[in-house]
2 protein chains.
Amino acid sequence: MPRLQILTPENLESVVRNLPGWNLAANGKSISKIYKFKDFNAAFGFMTRVAQVAEKMDHHPEWLNVYNRVEVTLSTHDARGVTEFDVKLASEMERLAR
Amino acid sequence: MPRLQILTPENLESVVRNLPGWNLAANGKSISKIYKFKDFNAAFGFMTRVAQVAEKMDHHPEWLNVYNRVEVTLSTHDARGVTEFDVKLASEMERLAR
């Protein structure tokens, strides 16, 4: 299953460079970002849009919401690391947060 | 502002007894529960219904979602503890999770 292959450290660095605000976990096994919105409604509206994309991809985020803040962590459980699914979902989040 | 008064330890114990699956934090300053649903769709559907109630109450949860799991923590920031707002929101969540 080549699509579930985890990204190499070199690829990961370049991926994170292209995703503003995203960080690679110290153990290299996930990427994360803290989004801040105007208020709860804006934050939850973002989550609702992302939820639809995540469900369509069958790839889901780990996310914590406190009022206007959404802390997202992405990794691919089956691959125990960051795969192209995470990069795709992060890119979609960037698009949906705008 | 009596409505923002934090609950006494005695009241809190009785509140938590009446909210199945809810726990009082060790420091007594929040209540929490881990909800598990059939899948992501069911979990996020629950969150969507709760979000509407929370917005109406102007009282919002801290919650973490991972696939079918929703970990909720409730406290009243301004009162630095658990108030009737948290009890009300927890009760609404119980209703909406059914």
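This passage describes the symmetry, the shared sheet, the salt bridges and two unusual backbone angles of a predicted two-chain model.

It is convenient to begin with the relation between the chains. Chain B is superposed on chain A by a rotation of 180° with 0.0 Å of shift along the axis, and the RMSD is 0.0 Å. That is the relation of a two-fold axis. Within chain B, the residue whose C-alpha comes closest to this rotation axis is B:Leu64, at 2.1 Å. Of the interface residues of chain B, 100% are also interface residues in chain A, so the copies meet through the same surface.

The sheet brings both chains together. Eight strands form an open sheet with antiparallel pairing, in the order β1(A)-β2(A)-β4(A)-β3(A)-β3(B)-β4(B)-β2(B)-β1(B). At its edges lie β1 (23-24) of chain A and β1 (23-24) of chain B, each of which pairs on one side only. Inside chain A, strand β3 (residues 62-66) runs antiparallel to strand β4 (residues 69-74), and five bridges join the two. In this pairing A:Glu62 stands opposite A:Thr73 of β4(A). Helix α3(B) packs on the sheet, where it touches β2 (31-36), β3 and β4 of chain B. The direction of α3(B) makes about 10° with that of β2(B).

Attention now turns to charged side chains. Side chains of opposite charge can pair when their charged atoms come close. Over all chains, the structure holds ten salt bridges. One of them links A:Asp39 with A:Lys38, with the closest N and O atoms 3.3 Å apart; A:Lys38 is exposed, at a relative accessible area of 71%. In chain B, the side chains of B:Lys38 and B:Asp39 also meet in a salt bridge, at 3.4 Å from N to O. Here B:Lys38 is exposed, with a relative accessible area of 72%, whereas B:Asp39 is buried at 18%. Salt bridges that share partners also join A:Lys88, A:Glu92 and A:Arg95 into one network. A further salt bridge, at 3.0 Å from N to O, connects the side chains of A:Glu71 and A:Arg69. Both partners are partly exposed: A:Glu71 has 27% relative accessibility, and A:Arg69 has a relative accessible area of 28%.

Finally, two loop residues of chain B deserve a look. B:Asp58 is not a glycine, yet has a positive phi of about 55°. B:Asp58 sits in the loop between α2 (40-57) and β3 (62-66) of chain B and is exposed, with a relative accessible area of 57%. B:Arg80, likewise not a glycine, has a positive phi of about 50°. The loop that holds B:Arg80 lies between β4 (69-74) and α3 (84-97) of chain B, and this residue counts as exposed at 67% relative accessibility.

Key:
Residues numbered from 1 in each chain as written. Chains lettered and ligands numbered in written order. Predicted model: local features only at pLDDT ≥ 70, side-chain atom pairs only at ≥ 80, totals over all residues. Heavy atoms only, no water. Helix = DSSP H or I, 4+ residues; strand = E, 2+ residues; numbered from the N terminus. Buried < 20%, exposed > 50% of the residue type's maximum accessible area, 1.4 Å probe, protein only. Least-squares fit on C-alpha atoms with pLDDT ≥ 70 in both. Contact = heavy atoms within 4.5 Å. Pairing = 2+ DSSP bridges. Axes fitted to C-alpha atoms, helices over the stretch in contact; angles between N-to-C directions. Salt bridge = Lys/Arg side-chain N within 4 Å of Asp/Glu carboxyl O.
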